[in-house]
Each structure stands twice: as C-alpha cells, then as structure tokens.
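These are my notebook entries on a structure I went through in several short sittings. I kept to what I could look up directly, one topic at a time.

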Amino acid sequence: MTANLSAAEAAIRARSVERRQGVARAWLVENDLDALIAYGSGLHAFTGTNPAWYLAAFKQMGPHAAVIVPQRGEPVLIMTPAWDAPRYRERATMEFLAVAPDEFLTTLAAELKRRSFRGSKVAVAGGNLQPRAIAEAWPGMLGGTPPNADKLIVDTSKIRDDWSLNCTRRGVAIAERGYDNLLKTTKPGMREYELAANLETSMREQGAEDNFQLMSASQHNQAGHFPTDRVLEVGDLILAEITPAVEGEFIQICRSCVLGTPTPLQYEKFALLRGALEAGMHAAKPGVSVTEIVNVINAPISAAGYEKYTKPPFMRTRGHSMGFGSMEPEVATGYEHYMQENMVFVMHPNQYIPETGYLMCGEPVIITPGGAVPLTSRMGELGAIG
Amino acid sequence: MISMEPVLKRGYSSWDRAVLPDDEFALRVEGVRRALREARLGALVVVNYSLLGVMVDYADMAYLSGLQSGGALVVPLEGDPAFVSFGGGRELAFMRALTWLPIVPGAGKAFEMLPSELKARGVASGRIGIVGIAGIAPTVVTRIRDGLAGFELVPFDAELRALRAVKRPRELLAMRMTQGIVDGAVAAGVAAFAASGDNRSAMLEAERAARALKARDVRVLASMGGPELRPWEGRLDGRHAPLRLWVAAQYQGYWAEAAATTPPPREDAAGKAVRAMQAAVRGGVTAGDVAAAGVAALPPSAVESALSYGLGGTLGLAYAEGIAIVPGSTQQLPAGCVVALRAHVGDAAHASIASTSVVVGAGSAAPLGAARMAD
C-alpha cells in the first residue's frame with residue numbers, strides 16, 4: 001500500500017527508537033521511577049517540542065499521543081484518532097492503542113493502572129505545547145505533581161542519533177532540490193504566493209511531508225515574511241528560508257537569489273555574510289559557547305561598519321537547533337549553551353544590510369571536533385535567475 | 001475532521017481589503033462594545049498565546065484585528081483599540097500590513113504593558129473582560145493576571161464566540177471564496193486521478209491548486225487503498241480506486257472544506273447521509289438531531305466509521321467553531337451560522353465521502369456556495 005520507509009530505513013528507525021527508550025529506562029533506574037509518560041500534542045512545528053514523537057519516531061495526526069516507557073517491561077504507544085491506526089501499524093516498533101481523542105486520558109489512566117505503577121513514581125515529559133487540560137490532568141491521574149522529564153528528552157535529542165540524521169539528511173537533499181526548482185521555475189510576473197506554492201509542492205513531490213517557509217521578493221527587502229500577492233519584477237532579490245520535514249524532522253536552508261543578474265554590491269555584501277557564516281562554522285567546535293560563536297559571526301560584519309545591524313530588529317538570531325521540534329538552543333547571546341559533537345543547527349547570519357536590503361545566507365550544519373560541517377552538498381551562493 | 005497539523009502556516013498571507021475592509025473590523029468592535037456595556041465591563045483584553053508562532057486558535061484575535069499572530073488586543077469602550085505584539089522586531093513591518101490597528105511592540109513584555117495601554121485609553125481599574133486564557137498554561141495565566149493585577153478579570157470567551165458564531169455578510173463572502181478554493185482543489189485532485197494518475201498525484205494536485213488559489217493553510221486527506229484516510233506522506237504510491245479525497249483550506253482566516261469520491265460510487269452512502277443532514281438543518285435545531293438524520297441515512301455497517309471521522313460542525317475563523325454534529329448533542333445551531341456537514345464511509349461496500357457547507361436560516365439551510373476569487 002505505501003512505501004514510506006525502506007527496509008533499511010525501518011531498521012535504522014527501530015534501532016534509534018530502542019536507543020531512545022533505553023536512555024529513558026536508564027534514567028528511570030537512576031531516579032527510582034517506575035515509568036515515563038512522553039506526551040505529544042498534534043501540533044508539529046520546529047518551534048515546539050513533542051516528546052511522544054521523539055520516543056515513538058512517529059508523527060501523530062490526532063491531538064494527543066503518549067508513549068509509556070516502563071523501567072521494566074514493554075513500552076506502549078497510545079495514539080489518536082482510532083482510524084489512524086493503519087499508518088502506525090505498518091511501522092510499529094511497540095504495542096499501541098489507537099483511540100478517539102476523547103478516550104485518550106481514560107485509556108492512558110487504565111493502562112497505568114493495569115501495569116500497577118506507583119502513582120508518585122511516574123514521570124511526565126509533556127513538551128512545551130502541552131494543552132492546559134492535559135497538564136492539569138496529570139496530578140489527578142498520578143496522585144500528585146509528577147517528576148518532570150522534559151529535560152531528559154531535550155538533552156537526549158540534542159545529540160543526533162542515526163534515525164534523526166537519516167531524516168535530516170533526506171530533508172536537506174529535498175531542500176536543496178526545492179531551491180534548485182525555485183531557480184528554474186521562477187519568472188518575472190509571478191506572484192510571491194505562486195512562487196511559494198511551486199516551492200511547496202515541488203518539495204512535497206520529493207518526499208517532504210511538511211515545510212515551513214519565509215520568503216520575500218523585493219528590490220529592497222526588509223525581512224522575510226509569508227507570501228503575498230506582490231508581482232515579481234526583474235531585479236528583485238528573492239529570499240527563501242526553506243524548511244522541509246521528513247518523518248517530523250525539520251531542517252533548514254536559507255538562500256538569496258536575484259531575478260536577473262546580481263549587482264557587484266549584492267555579491268560583495270552576500271560574500272560578507274557568507275564569510276561570517278564560515279567563520280562561525282569554523283569556531284563551532286565542541287565546548288565552544290553559542291555566545292562566542294555569535295561574536296565570531298558578528299565580528300567581520302561589525303568591522304565592515306554594520307554593527308548596528310547585527311542586532312534586532314535587523315536580524316533575529318544567528319542560528320538555532322531544530323532537533324526534537326525545538327529551536328533551543330539558539331545561536332544567540334544570552335544562551336548558556338556549549339556546542340557538543342553531533343548536534344545539528346542551522347547557522348544563518350541572515351540580516352538587513354542598508355545598501356542591499358535583507359539577505360539570507362544559512363546552512364544546516366553538524367558539530368564535529370573540527371567545527372561545524374555543512375549537511376548540504378554545496379553551500380549557498382547568491383543565485384541568479386535567468 | 002482531524003487532519004495532520006502542518007507547521008507554521010505559510011501560504012498566501014496578504015490582507016484582502018476588498019473583502020474585509022477596515023470598517024468591517026470597526027463594526028465588529030462596535031458589536032463587542034455593546035456586549036461589554038451590557039456586561040458592565042470597562043474594556044476587553046483578548047490574548048492569543050501563540051507560542052513562537054504556533055497558531056493554536058487565532059479566531060478571537062483575527063475577528064477583531066485581522067491578525068493571526070500571537071499578542072494581546074486591548075479594546076476600550078471608547079477610543080482606538082491596539083494590538084500589543086509578543087515580539088518587537090523584524091516581523092512588525094509585515095504585521096502592520098495585515099491589520100487595521102496600531103501595533104505596540106511588546107518585545108517580550110506584552111502582558112506587563114497591558115495596564116499602561118488600558119490606562120492610556122481611560123481604563124485604570126475595574127472590571128474588564130478577558131478572552132483566550134482558559135486553555136493556556138497556568139504559568140502564562142499567572143503572568144497575565146499579575147500584569148493586570150489592578151483589574152477584575154471577567155471571562156468573556158462565550159460572549160465573543162456567540163458574536164462570532166453568526167456570520168456577517170462580508171464573512172460569508174470570505175467563506176464563499178474559501179469554498180471556491182477547496183472546490184477547485186478537489187476538482188484538481190479528481191482530474192489528476194481521472195487522468196490515470198494515482199492517489200498521490202490527486203493529493204499533490206489538490207494541494208497545488210489550493211495554494212495557487214491563495215489558500216494560507218491547506219489540509220488534504222485521501223484514501224490509499226485501505227478504509228482509512230491518510231495525510232500526505234513522502235512516498236505514498238499506487239492507484240487505488242475509488243479515491244476518497246478531502247480538502248480543507250483557509251483564506252483570510254476563514255475555513256471551508258470539500259470532498260469527493262471518484263469514480264462516483266454507485267450507492268452514494270456518504271452523499272445520502274449529507275443530504276439527510278442538510279434537510280434537517282434549521283435555526284435552533286440541535287446538533288444531535290442533525291446527526292441522527294445523517295446516521296439514519298447510513299447503512300448500519302457504515303455508522304461507526306462515519307462517526308469516528310465526524311459528521312461535521314460549525315466553522316468560520318476556526319475550523320471547529322464549537323458545535324460538532326454528534327449524536328446526542330443538545331447544542332442548538334443558531335440561525336446565521338455556517339455548518340459543514342460531512343460523512344466518510346471507509347468500508348469497501350459503501351466506500352464514499354461527501355461534504356457540503358450550509359448557511360443556517362430560520363426555517364431551513366441554504367448552500368454556502370462558492371465565490372470567485374479576484375485575479
């Protein structure tokens with residue numbers, strides 16, 4: 001019926017799910033806890049965390065899902081809605097119960113009771129998109145406020161495993177092909193939303209189940225935004241923040257291109273940002289703080305006279321993680337975070353430059369002992385269309 | 001219908017001022033002010049706690065501001081309302097192009113700024129209405145309550161939703177335009193399938209058409225050979241007839257849905273159920289009675305499946321505006337609301353899907369119909 005996972009991918013996924021649950025089990029032993037409930041809302045975004053998605057490696061459709069990982073015994077997935085069961089069944093790595101959304105909490109409670117967990121010994125990772133009704137249900141169900149396991153999931157997921165990297169690399173390839181398609185199909189007279197629709201569906205065609213994008217087309221961009229009905233003109237600088245998802249794993253590339261031939265000034269300013277990005281990547285070794293990386297990225301830009309523009313509202317951040325559906329940590333000052341090997345970020349010195357307008361220049365990277373290595377087949381250049 | 005929630009909504013985002021001009025929002029604010037006066041409230045604060053842009057329910061905010069963004073809206077009884085943004089930087093210029101209201105940059109302190117914004121509008125204390133805090137995290141509610149410590153906060157969600165439930169003429173036009181988008185999307189999907197395409201092509205072409213017709217958010221589900229409907233997944237394959245295709249989309253904040261079975265089923269179980277429900281709809285009827293009409297028209301073996309997918313409900317600025325068509329419901333459909341009526345039957349003997357949206361009148365219901373999108 002479907003071939004969404006190849007046999008090789010299914011094996012990688014199963015190993016990673018086992019690893020993730022193994023980490024959770026070790027944590028339960030260490031903390032004398034009986035079980036972990038990893039909850040997920042049906043909101044899928046790289047800005048919000050979904051612990052159930054991480055521990056099941058399954059992108060739910062319904063409003064609620066939870067993985068119960070016991071210290072001893074088999075895990076179980078409780079998912080919604082019931083009619084989505086076939087989609088999980090064909091990639092199941094654990095027992096599961098598929099129920100209607102309004103039966104979710106009672107099913108979960110019954111499963112906890114059936115397994116005779118000690119009420120005060122069940123931890124919850126709810127994620128930051130947990131609805132209030134769910135958050136308020138835990139104390140009643142578990143006999144008190146449960147230990148919070150969000151940090152366990154966040155810390156585990158920061159360091160990418162094989163399945164996470166497999167999905168991420170597929171996403172990167174789709175993003176690059178999507179951008180190539182944009183370069184081939186964009187023409188003067190199109191509207192911004194038509195460009196966005198082309199990009200969207202071309203990536204869907206290549207296997208992305210979702211995509212986030214900011215874009216803008218203007219002779220002088222202020223920033224990226226959602227697509228409008230503005231008509232594209234020769235000389236427009238097109239910004240594209242392209243963020244496809246594969247199996248729920250988002251990854252991002254940031255590109256700039258000109259509808260026509262870029263000016264020498266545009267090349268010069270893009271090169272400034274690209275140089276800043278490369279310096280940041282070189283510095284991003286394990287143990288280095290995000291603040292230090294921000295300083296490295298900003299240094300050449302400030303030296304060129306643009307210090308004022310290295311801060312909001314002329315930019316937002318120098319990059320961010322995309323693991324576990326979360327942008328944390330950001331590559332921004334004020335974050336107490338140090339690089340670790342096998343973390344994945346998008347690093348992007350995207351910002352406004354007064355002579356050219358806003359430029360986007362960003363790569364998905366993986367942290368290695370030698371610095372950040374791009375996951376793309378080629379780093380972004382200032383593109384030319386036509 | 002439950003569908004896969006996409007990441008931040010990123011389709012066509014211009015404000016169609018020809019459909020929803022500034023004065024439309026001003027008239028809505030006047031309606032809210034009348035309700036506030038009746039409730040002896042000095043102002044209204046609407047909170048849309050959109051966490052880093054994840055839109056959970058933008059309806060209340062969009063009704064009064066046009067914005068689908070996170071922030072807090074201050075509506076005094078007299079004088080200009082204002083939108084206090086959560087952020088303070090890069091996105092403000094674009095947001096200003098999407099609303100008739102002034103935007104006050106909150107820069108991370110939106111809740112703390114609310115008292116001064118209220119005071120600047122002559123409201124320094126007393127009872128004020130509050131909307132949008134019932135479902136959000138307790139820690140955030142505490143911040144809001146702390147920020148508005150000098151005021152008595154009176155929940156006003158039900159009152160605002162009652163106002164939103166009855167659609168204004170321009171809202172109906174926006175919904176008809178959205179209906180045009182989803183009708184076009186379903187037609188494109190059906191055409192792709194008919195042209196020897198597969199179910200995957202149908203889903204892809206439906207989405208392509210919806211986005212090209214200016215949808216901001218698009219949801220597509222289709223049958224892939226089994227009884228169930230599925231969301232888009234990267235490598236779905238094969239041609240599996242009949243195709244059951246469902247599309248929902250949003251334009252200017254307003255939702256509509258459409259569905260089709262192709263080739264058309266010999267025994268249109270879903271279509272019969274939808275027509276039976278449509279015949280039962282009128283102002284004041286309970287959702288339970290409408291559902292009962294639909295269930296009665298379904299083959300017994302199809303009832304469980306149809307109920308699990310849902311028989312529809314009121315829609316507008318939210319895909320689910322609060323009244324679901326479910327057996328036993330005593331909620332009454334108010335005249336002037338729009339309700340989507342839907343049936344999905346998965347079992348092979350009766351496999352079909354159908355949907356129609358109607359405007360509820362006093363004694364009957366009229367099809368919502370589709371309006372043409374301006375070029």
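**Entry 1: a helix pair in chain B.** I began with helix 1 (residues 22–38) of chain B and helix 6 (residues 157–165) of chain B, whose axes come within 11 Å and cross at roughly 140°. I am working from a predicted model, and I read what follows with that in mind. Since angles over 145 degrees would be needed for roughly antiparallel, I noted helix 1 of chain B and helix 6 of chain B as oblique to each other. The crossing of helix 1 of chain B past helix 6 of chain B is right-handed. On the side of helix 1 of chain B, I found B:Gly31, B:Val32 and B:Ala35 making the contact, and on the side of helix 6 of chain B, B:Glu159, B:Leu160 and B:Leu163. Sorted by class, the residues of this contact between helix 1 and helix 6 of chain B are four nonpolar, one polar and one charged.

**Entry 2: a second helix pair in chain B.** Next I looked up helix 4 (residues 110–119) of chain B and helix 5 (residues 138–147) of chain B, where the axes come within 8 Å and the crossing angle is roughly 25°. That angle makes helix 4 of chain B roughly parallel to helix 5 of chain B, because angles under 35 degrees count as such. Here too I recorded the handedness, and helix 4 of chain B passes helix 5 of chain B in a right-handed crossing. The residues that meet are B:Phe111, B:Glu112, B:Leu114 and B:Pro115 from helix 4 of chain B, and B:Arg143, B:Ile144 and B:Gly147 from helix 5 of chain B. By class, this contact of helix 4 with helix 5 of chain B holds four nonpolar, one polar and two charged residues.

**Entry 3: the chains as wholes.** For chain B I counted eleven helices and 14 strands, and for chain A eleven helices and 16 strands. Chain B has a radius of gyration of 22 Å, which agrees with the value near 21 Å for a compact globule of 375 residues. Its C-alpha trace spans about 65 × 45 × 40 Å along the principal axes of chain B, and 56% of the residues of chain B count as buried. Chain A, with 386 residues, also has 22 Å against an expected value near 21 Å, which agrees; the C-alpha trace of chain A spans about 70 × 45 × 40 Å, and 55% of its residues count as buried. Among contacts with a separation of 6 or more, residues 24 or more positions apart account for 69% in chain B and 65% in chain A.

**Entry 4: where the chains touch.** How many residues of each chain are in contact with the other? I found 48 in chain B and 51 in chain A. Helix 3 (92–96), helix 8 (199–212) and helix 11 (300–309) of chain B each supply at least two residues to the side of chain B that touches chain A, and helix 8 of chain B gives the most, with five residues. That side of chain B divides into 23 nonpolar, twelve polar and 13 charged residues.

**Entry 5: one residue of chain A.** Last, I looked up A:Gly357, which sits in strand 13 (residues 357–359) of chain A. Is A:Gly357 buried or exposed? With 19 C-beta neighbours inside 10 Å, A:Gly357 counts as partly exposed, because buried would require 20 or more. Beyond its neighbours within four places in sequence, the contacts of A:Gly357 include A:Ser218, A:His220, A:Leu237 and A:Tyr352.

Definitions and conventions
Residues are numbered from 1 along each chain as its sequence is written. Chains are lettered from A and ligands numbered from 1 in the order in which they are written. This is a predicted model: local features need pLDDT of at least 70, side-chain atom pairs count only at pLDDT 80 or more; totals for chains, interfaces and linings use all residues. Axes are lines fitted to C-alpha atoms, for helices over the stretch in contact, and angles run from 0 to 180 degrees between N-to-C directions. Helices (H or I, at least four residues) and strands (E, at least two) are DSSP runs, numbered from the N terminus. Angles under 35 degrees count as roughly parallel, over 145 as roughly antiparallel, 65 to 115 as roughly perpendicular and the rest as oblique. A crossing is left-handed if the near helix is turned anticlockwise from the far one by less than a right angle, and right-handed if clockwise. Two residues are in contact if their C-beta atoms, placed from the backbone, lie within 7 Å. Ala, Val, Leu, Ile, Met, Phe, Trp, Tyr, Cys and Pro count as nonpolar, Asp, Glu, Lys and Arg as charged, and the others, Gly among them, as polar. The radius of gyration is taken over C-alpha atoms; the globule rule is 2.2 Å times the number of residues to the power 0.38. A residue is buried if 20 or more other C-beta atoms lie within 10 Å of its own, exposed if 12 or fewer, and partly exposed in between; C-beta atoms are placed from the backbone.
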